[in-house]
Amino acid sequence: MRKLQRIATYIFLSIAAIVSIFPFLWMLVSMTNKSVDITQGRLLPGTHLFENLTVLFQQVDMVTALVNSTIIAVITTFLTLLIGSLAGYGFEIYRTPGKDRIFNILLLSMMIPFAAIMIPLYRLFGGISATIPFLGIDTLAAAILPTIITAFFIFFFRQNTKMFARDLVEAGRIDGLSELGIFFRIYLPTMKTSYAAAAIIAFMNSWNNFLWPLVVLQSPEKQTIPLLISKLGAGYTPDFGVIMSAIVIATLPTAIVFFLMQKHFVAGMMGSVKG
Amino acid sequence: MKYFSVRKSWILVFAIMTIFTLAACSSDETGGGSGEEPDEITAWAWDPNFNIAALELAKESYEKDIKLKIIENAQDDIVQKLNTGLSSGTMKGMPNIVLIEDQRAQSFLKAYPDAFYPLDEYINPDDFAAYKLAPTSLDGKQYGLPFDTGVTGLFFRTDYLKEAGYTMEDLSNITWEKYIEIGKDVKAKTGKDMISLDPNDLGLIRVMIQSAGSWYVKEDGTTVHLKDNEALKKAFQNYKAMMEADFVKANSDWSQFIAAFNSGDVATVPSGNWIGPSIEAEASQKGKWAVAQIPRLDMEGAVNASNQGGSSFYVLNIPGKEKAAEFLAETFGSSKQFYQDLVLDVGALGTYKPASEGEAYQAENEYFGGQKLISDFSKWMEEIPSVNYGMHTYAIEDILAAEMQNYLNGKSLEDALADAQAQAEAQLK
């Protein structure tokens, strides 16, 4: 009976695995096929990989888009983590009258969809353009700035700080550390796990972010990977082989970041046990 | 503070680098918006092989010195960017020239009245196919420079049709009823489906009703006209008849639609002329295709010519507008030679009437068995009935698509259209 149950479990898991892996596999296979073959549903690897890549790199400026996306994603991740964790730490550790009320208002801002604030935001950056052109519309800075302070990450770090032993703060103060010193010397190293998880989320959000970069970045030299892919698929006669190649290349960095962070994830866990 | 020394200073270094990178990535002024006349004018369009190529060609053929920056974006992305930029009211980052699909144009012209620059002083609207003018003008002012045509044709497989006993002549000057009859015959004799349709896309309905000079809205562009719309009724009946005739190969998206004819599964593709390159992409079917006039609705005033898609260029009312308008006027607006090159190099068919006298329009297309495709299309183009697409084509179509399903499932036609009318009126108030 138990054996039967086990077999059933494995069959179910196998089906689930196939369903979730199939689109990814299809993407990889399609990368090697001609557009006509893809539309006709060919599922076998083809011989068009090199042609697709050549066309891709001739047709669009993949390198620039990768560089832009990397700059935006790395800076955004770094600033999001720094600001989010400082704020989350502050909300949890320090006693301020009315801090919970402020925190609730902050959480409310999570309910507003981005599309609703996009137009005022665009207007704001339009105004900034007139006086500080290097922060205005059509700059990478404009693509980064509205995304670095998010209620989600403040909330995320506040929740995680609840697990942080408050005694360590007292110990730090007694040993004469400054408040920032406590944050950077004690809090940051012990919370590696949370940072790794947050970094994965922040990086993926930023890497895949579409709507805001779309409206705020105008020149081709500034466009990011999602914008480039959107452009590739929009012709009257889209070349699906080329599009799939671009998507595979675009997916690689998030996969790499995930696997890199996963290692830290484990290391962070071990570190916190030792400490 | 000694703890806060060397080992953690990388954070500080990174922060400083960040600020510098941000500053370094910033750009010089683009687009317009500021008060001064810019050196460079920008243009937004979609499709590298078609619209972008046409703009590049125009830039090359333009005799005056101009710095034109052509920026490619997906069509939906352009709509999104324009809507955001124009609603914000800053005009910052907006292009000088933008391509807008005809069926959307009225909504932009009406929603942002001062955002566009009229071109009456630069071009003569009567030089262009008449059906292009209603969607591209507002209150008697011509805002759009009419560009490509979506003139329709009935693309068909000559080998399949021949097998069933039909020639080009049998397909010319026919009604949709006749088309359905032929379709049944073709299916019976060859086993091939006649047409591929996406049940959620009413593109073919639009083609049918425009051939009778009708649309989802009345001539004023705002009054919803679904109930008691004779042309729409006939179109719905034809659509249902096709679905029930068992010769429709259903598709659910663009790639399946293309696959349907590339794989040789369907015998005809009634579509805008722009489908040509997608058909030609399957080299093995060379010589097996031809294009007949699109069938018409069986009613008075209906002609064997219609339109599907097509777009026009607009100039935004920002610094650089005179330069942009002049550039468009001297290329797309008045140069016969330019349109000859356009047909030869890009394969794009414009709506500038004087161009059809040129030699390039007489070329024979080998893929389509030596048919003078461009000449045929430009002849049919001049017959397309003019309709005002109004502002809500896509919104109404969403409602209609749902009612179409109800109609196919047995609801009466009168009820379906009356319900659609009521819903559209409530929604678009």
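A residue counts as buried here if 20 or more other C-beta atoms lie within 10 Å of its own. Keep that cut-off in mind as you go, and remember that the model is predicted.

**Stop 1: two residues with positive phi**

Select B:D47 and show its backbone. Phi of B:D47 is near 70°, a positive value in a residue other than glycine. Is B:D47 buried or exposed? With 22 other C-beta atoms within 10 Å, B:D47 is buried, because the cut-off is 20 or more. B:D47 belongs to helix α2 of chain B, which spans 47–61.

Now jump to B:N173, another residue that is not a glycine but has a positive phi, here about 55°. Where is B:N173 found? Look in the loop of chain B between α7 (168–171) and α8 (176–190). B:N173 has 13 other C-beta atoms within 10 Å and is therefore partly exposed.

**Stop 2: chain B as a whole**

Zoom out and colour chain B by secondary structure. You should find 17 helices and 12 strands. Along the principal axes, the C-alpha atoms of chain B fill a box of roughly 90 × 55 × 50 Å. Of the 429 residues in chain B, 48% are buried.

How do the contacts in chain B spread along the sequence? Take the contacts between residues at least 6 apart in sequence: 78% of them join residues at least 24 apart.

**Stop 3: a sheet in chain B**

Next, select β7, β10 and β11 of chain B. These 3 strands form an open, antiparallel sheet in the order β10-β7-β11. Which strands stand at the edges? They are β10 (268–272) and β11 (289–292) of chain B; each has a single partner strand, so one side of each is left without a neighbour in the sheet. From one strand to the next, the twist averages 30°.

Stay with β7, residues 152–157 of chain B, and follow its pairing with β10(B). The two run antiparallel and are joined by 5 bridges. Show side chains to pick out residue pairs: B:F155 stands opposite B:V269 in β10(B), and B:L154 stands opposite B:P270 in β10(B). As a general point, side chains in a regular strand alternate between the two faces of the sheet. While β10(B) is selected, check its surroundings: the strand is mostly covered, with 5 of its 5 residues buried.

**Stop 4: where chain B touches chain A**

Bring chain A back into view. How many residues does each chain give to the contact? Chain B provides 46 residues and chain A provides 42 residues. On the side of chain B that touches chain A, the elements giving two or more residues are α1 (9–25), α2 (47–61), β2 (67–72), α3 (75–88), α11 (254–262) and α12 (276–280). The largest share, 8 residues, comes from α3(B). Colour this side of chain B by residue class and you will see 17 nonpolar, 21 polar and 8 charged residues.

**Stop 5: a helix pair across the two chains**

Keep α3(B) selected and add helix α6 of chain A, residues 114–131. The axes of α6(A) and α3(B) come within 8 Å and cross at roughly 65°. The two helices are therefore roughly perpendicular to each other, and α6(A) passes α3(B) in a right-handed crossing.

Which residues make this contact? From α6(A), select A:M118, A:I119, A:Y122, A:R123 and A:G126; from α3(B), select B:T84, B:G85, B:S87 and B:S88. By class, this contact of α6(A) with α3(B) has 3 nonpolar, 5 polar and 1 charged residues.

**Stop 6: a helix pair within chain A**

For the last stop, hide chain B and select helix α4 (residues 62–93) and helix α8 (residues 151–161) of chain A. Their axes come within 7 Å and cross at roughly 50°. That makes α4(A) oblique to α8(A). The crossing in which α4(A) passes α8(A) is right-handed.

Turn on the side chains where the two helices meet. Among the α4(A) residues in this contact are A:G84, A:A87, A:G88 and A:F91. Residues that meet them from α8(A) include A:F153, A:F156, A:F157 and A:R158. Sorted by class, the contact of α4(A) with α8(A) has 8 nonpolar, 5 polar and 2 charged residues.

Notes
Residues are numbered from 1 along each chain as its sequence is written. Chains are lettered from A and ligands numbered from 1 in the order in which they are written. This is a predicted model: local features need pLDDT of at least 70, side-chain atom pairs count only at pLDDT 80 or more; totals for chains, interfaces and linings use all residues. Two residues are in contact if their C-beta atoms, placed from the backbone, lie within 7 Å. Helices (H or I, at least four residues) and strands (E, at least two) are DSSP runs, numbered from the N terminus. Ala, Val, Leu, Ile, Met, Phe, Trp, Tyr, Cys and Pro count as nonpolar, Asp, Glu, Lys and Arg as charged, and the others, Gly among them, as polar. A residue is buried if 20 or more other C-beta atoms lie within 10 Å of its own, exposed if 12 or fewer, and partly exposed in between; C-beta atoms are placed from the backbone. Two strands pair if DSSP finds at least two bridges between them. Axes are lines fitted to C-alpha atoms, for helices over the stretch in contact, and angles run from 0 to 180 degrees between N-to-C directions. Angles under 35 degrees count as roughly parallel, over 145 as roughly antiparallel, 65 to 115 as roughly perpendicular and the rest as oblique. A crossing is left-handed if the near helix is turned anticlockwise from the far one by less than a right angle, and right-handed if clockwise.
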